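Welcome! Here is a short guided tour of a protein model, put together for someone meeting structures for the first time. Keep the picture open while you read.

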Amino acid sequence: AVHGLFALLLMVLEWTRPGLSSPLRPICDLRVLNHFIKEAWDAEAAMRACQDACNIATNFTAPLTRVDFDDWEAMNIEEQAQEVQSGLHVLNEAISSLQASNQTDVLQSHIDASISNIASIRQVLRSLSIPEYVPPTSGGEDKEMQKVSSISELFQVHINFLRGKVHLLLANAPVCHQGVS
């Protein structure tokens, strides 16, 4: 099963190479997302096992993971996309900030993989014609954000964000339901 996912990911990367004139094929298979969720679990477990040695005295901004289904259902696809893309952007910024923190090689590989996975998830969203991240025009704090104070907590948010809002957006992507009666 793992080899199939990597083959699928290679196809994703092949379709999304810059300069290709062919349109992206939609990637509607949620097993791709499940692969990223499993890798996020692995990273979170490694960060938790590391505890004190991996602690950084800083707060991270992270997306809220709680989903009010009534509110979510009331949003249009553009609003849902903006919430997910904004959350991925913030997660990417927070996890990228760890790259300079001199972690062990194992932890660094989890950090690098997480950044790569977020980029891949963005490619999957692009394949589904989901609108890309647009920075907010107002300078105010985003109500969909929270502060977390540990690396393992940041990775727990990463897992929950993928399992919640990203999953909902992918599962309901209009392009995946065209021609389905």
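Asp-29 counts as partly exposed because its relative accessibility is 28%; in this scheme, buried means under 20% relative accessible area, exposed means over 50%, and partly exposed lies in between (1.4 Å probe, protein chains only). You are looking at a predicted model, where local features need pLDDT of at least 70, side-chain atom pairs count only at pLDDT 80 or more, and totals for chains, interfaces and linings use all residues. Residues are numbered from 1 along each chain as its sequence is written, and side-chain values use heavy atoms, with hydrogens and water left out.

**Salt bridges**

- A salt bridge here is a side-chain nitrogen of Lys or Arg within 4 Å of a carboxyl oxygen of Asp or Glu, and the count by this rule is 6 salt bridges.
- Asp-29 takes part in one of them, meeting the side chain of Arg-31 at 2.6 Å, N to O.
- Its partner Arg-31 is exposed because its relative accessible area is 55%.
- Lys-165 and Glu-83 also form a salt bridge, and their closest N and O atoms are 2.6 Å apart.
- This pair links distant parts of the chain, 82 residues apart: Lys-165 belongs to helix α6 (residues 151-171) and Glu-83 to helix α4 (residues 77-96).
- Lys-165 is buried because its relative accessible area is 2%, and Glu-83 is buried too, at 15%.
- Through salt bridges that share partners, Glu-83, Glu-144 and Lys-165 are joined into one network.

**Helix α2**

- Helices are DSSP runs of H or I with at least four residues, strands are runs of E with at least two, and both are numbered from the N terminus.
- Helix α2 covers residues 30-50, which makes 21 residues.
- From its first C-alpha to its last, helix α2 reaches 30 Å, close to the 30 Å expected at 1.5 Å a residue; the expected span is 1.5 Å times one less than the number of residues.
- The buried residues of α2 include Val-32, Leu-33, Phe-36, Ile-37 and Met-47. His-35 and Glu-44 are also among them.
- Within α2, Asp-42 forms a salt bridge with Lys-38, with the closest N and O atoms 2.9 Å apart.
- Asp-42 and Lys-38 are separated by about one helical turn, because they sit 4 residues apart in helix α2.
- Both partners are partly exposed: Asp-42 has a relative accessible area of 34%, and Lys-38 is at 48%.

**Backbone angles**

- Most residues other than glycine have a negative phi.
- Ser-129 is not a glycine, yet its phi is positive, at about 60 degrees.
- Where is Ser-129 found? Ser-129 is in the loop between α5 (105-127) and β2 (145-148).
- Ser-129 counts as exposed because its relative accessibility is 62%.
- Gln-51, just after α2, also takes a positive phi, of about 45 degrees.

**A contact across the sequence**

- Gln-82 lies in helix α4 and counts as partly exposed because its relative accessibility is 26%.
- Gln-82 and Pro-131 are 49 residues apart in sequence, while their C-alpha atoms are 7.2 Å apart in space.
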